[in-house]
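Subject: Structure handover

Hello,

Here is the structure I promised to pass on. Please load it first, then read the notes below it.

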Amino acid sequence: MSTSRTRLSFEDALNAGIQFHQAGRLQDAENVYRQLLAVQPRHPEVLHLMGVSAHQKGDHASAAKLIRAALEIQPAHPAAHNSLGAVLLAVGQAGEALEALQRAVDLSPDYAEAWTNRGIALGELRRSDEALASYDEALHLGYDSPLLHFNRARLLQLLERLDEALGAYGRTLAQLPGYREAWHNLGALQEKLGRLAEAQASYERAVQLEPEAPYTRGHLLFVRLRRGDWKGLEALGSAILRAVDAGRAAAEPFPLLAIDSTPRQQLLCATAYAADKFPAGTALPPIPAPAEAPERLRLAYFSADFHDHATAHLIAEVFERHDRSRFELIAFSFGPRSDDPWRRRLVAAFDHFEEVGDLTDREIALRARALGVHVAVDLKGYTQDCRTGIFAHRAAPVQVNYLGYPGTLGVPWMDYLIADPVVVPAADREHYAERIVALPDCYQPNDSTKLIAGEVPSRSRLGLPEEGFVFCCFNNNYKITPDVFALWMRLLARVPGSVLWLLAAPPEAMEALRREAVGLGIAAERLVFAERAPLAEHLARHAQADLFLDTFHYNAHTTASDALWAGLPVLTRLGHAFPGRVAASLLTAAGLPELIAADAVEYESLAVALAGDPARLAGLRQRLAAQKGRCALFDCGRYTRKLEAAFEAMWSRHMAGEAPAHLDIA
């Protein structure tokens, strides 16, 4: 066989392998590539294509090895640099990916796909403006790919350029209407914009395309709760819980808190979510143990909520009361750079206030290590704007889940969860991935300096009747489920002239609740909605209510503390899991355990009894007022001392070389 014929035979075989590859027949393509490598083991393009195939099959380690081998032979190979960048992105190595992708566009400035991947890498590194410029360069080059439009939409969403993001998702779906993930993301964007009906339709489209797709059903459940769209809600919730029981990622953890789920199911959900979002092997090298105990424990709080926010309203005084002779306080803020009075108060409460919103999770973890943080406290958990990945990298020797999220994160690298004996009974500890640190009174802090406005608006100004009993619930409306609402309507039927005072919700949700009330025999005007107001004014208007009715599965948390601080009795039912047991913890610490019902029957009976006994209600108000200055719930000094004892106990175990363990703080 002549040399030219051998070369032609090799090229024909390579073309056949490429055709197999393009048709998605990866195994056939690999068989051809292996035969070719047996003839020419250092052929760069065959090595590159073998690497691409391995990447497509999920074998990223082999892919990187093969593509790097190709680049050693042919360094000026733009496509191989682009492929290496894609592999490195898949394993979370955005920095190294960017180097490869930069090399690809340096070698081939009109390589639009590489510009697109470069944008993805820059986005992962939170270099958002540069990422957008990279995407725009791909557009300028005429690259009209659904992937480009999709990733550009995600970035525009992150940059809060929401209308532009809508357009980019529209272009994605115009080209690829069956792109389930784009429908899901579009739904999330529409939800953020308050376009809840559109969001629901987008989520439903995503579920139609892929019924078992991760997380979409959880988003659909939550947006339907926000809209008050309860038709078929029980069936949807049951399907999600069955999937969770089977270990599938049917929902992100937060939506599960709003329905009747068990601690075990919440653990399963969190574990599946964490395994997907935070794969093993991302942690930085172990942090060396200190040679001796530090003079002061460096305590770092991480949050996006260091501003006028419910979490700040609870914990601000704790920061101010920390003993600076024993603790050095550091804030890691990755939320908005606001300048409201709460932000100024919080900044003043810390020794160091670190603005880290522009850094990656890994960079924030490295910053915490550089500052020598001993105990890292996550105030977000799985809530909006969380940065849980910081802790996956191991930001500090001891890491703590606290306050922001009422449940387990389901991960091995979060050492402790701060709770109390009511929200997490000893028998339930097995359903938490963290070790439980039980504070003696209540896990929730409260600010004893919160001001209540001096003027109490009249009932008529608030839209309430001048006479008649006022039941109220100022919880977010997604916590209102059909079972509790039906019970509330029975209360209105049993207490003539009474009304239910709720916090304003999306217009369609308020209309849905009115319709539901009418369907249950209650006039729509007996539901009154309160517009949101500044905290001091909101606290003052509690005086016009007679009894706060709690929701069942996800209780009032900050909202219940606000009511008790304002002197309004709160009636709750003891739930199955942490989010449904918080109000019981608050009432126990406030010295009002008789307002904790064991079940829905007792809850309804007690509500009717209280509504018919003004003297008993007045006595409860008097007790609240008398105990306000001395009960455990509002004794922030006592609370801070117990919290500090908890942090010191965690650190003592670490210094002794002992693994985290359940701790009961006396």
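What follows is a short account of what was found in the structure.

Please keep in mind that this is a predicted model.

Overall build

The protein chain has 28 helices and 14 strands. Its radius of gyration is 29 Å, close to the 26 Å from the globule rule for 666 residues, so the chain is as compact as a globular protein of that length. The C-alpha trace spans about 110 × 65 × 45 Å along the principal axes. Of the 666 residues, 56% count as buried.

The sheet

One open sheet has eight strands, and the pairing is parallel. The strand order is β3-β2-β1-β4-β5-β6-β7-β14. Which strands form the edges? They are β3 (352-355) and β14 (663-664), each of which pairs on one side only. As general background, strands of a sheet pair through backbone hydrogen bonds, either parallel or antiparallel.

One pair in detail: β5 covers residues 398-401 and β6 covers residues 416-419. The two run parallel and are paired over two bridges. Asn-401 stands opposite Leu-417 in β6.

Two backbone angles to look at

Most residues other than glycine have a negative phi. Two residues around β5 deserve a look in this respect.

- Arg-394 is not a glycine, yet has a positive phi of about 70°. It lies in the loop between α20 (389-392) and β5. Its relative accessibility is 19%, and the cut-off for buried is under 20%, so Arg-394 counts as buried.
- Leu-403 is not a glycine either, and has a positive phi of about 75°. It sits in the loop between β5 and β6. Leu-403 counts as buried because its relative accessibility is 9%.

The second largest pocket

This pocket holds about 300 Å³ of space. Its lining is made up of these residues:

- Leu-221, Leu-233, Glu-234, Gly-237, Ser-238 and Leu-241 are among them.
- Ile-259, Asp-260, Thr-481, Pro-482, Asp-483 and His-553 also belong to the lining.

Which helix gives the most to this lining? That is α14, with five residues. Helices α14 (233-245) and α21 (482-494) each supply at least two lining residues. By class, the lining of the second largest pocket has five nonpolar, four polar and three charged residues. If you set up a calculation there, the charged members of the list are Glu-234, Asp-260 and Asp-483.

Cysteines

How many disulfides does the structure hold? The count is zero. Two cysteines show the detail.

- Cys-269 is in no disulfide, and the nearest cysteine sulfur, that of Cys-386, is 13 Å away. Cys-269 is buried, with a relative accessible area of 3%.
- Cys-472 has its closest cysteine sulfur in Cys-473, at 7.0 Å. A disulfide needs the two sulfur atoms within 2.5 Å, so this distance is too far for a bond. Cys-472 is also buried, with a relative accessible area of 0%.

In brief

The points to carry over are the parallel sheet of eight strands, the pocket of about 300 Å³ and the absence of disulfides. Arg-394 and Leu-403 are the two positive-phi residues described above.

Best wishes

Definitions and conventions: Residues numbered from 1 in each chain as written. Predicted model: local features only at pLDDT ≥ 70, side-chain atom pairs only at ≥ 80, totals over all residues. Heavy atoms only, no water. 1 Å grid on protein atoms, 1.4 Å probe; cavity = no way out; pocket = protein on both sides within 12 Å on 5 of 7 lines; lining within 4 Å. Points joined across faces, edges and corners; volume = space filled by probe spheres on them. Helix = DSSP H or I, 4+ residues; strand = E, 2+ residues; numbered from the N terminus. Pairing = 2+ DSSP bridges. Buried < 20%, exposed > 50% of the residue type's maximum accessible area, 1.4 Å probe, protein only. Rg over C-alpha atoms; globule rule 2.2 N^0.38 Å.
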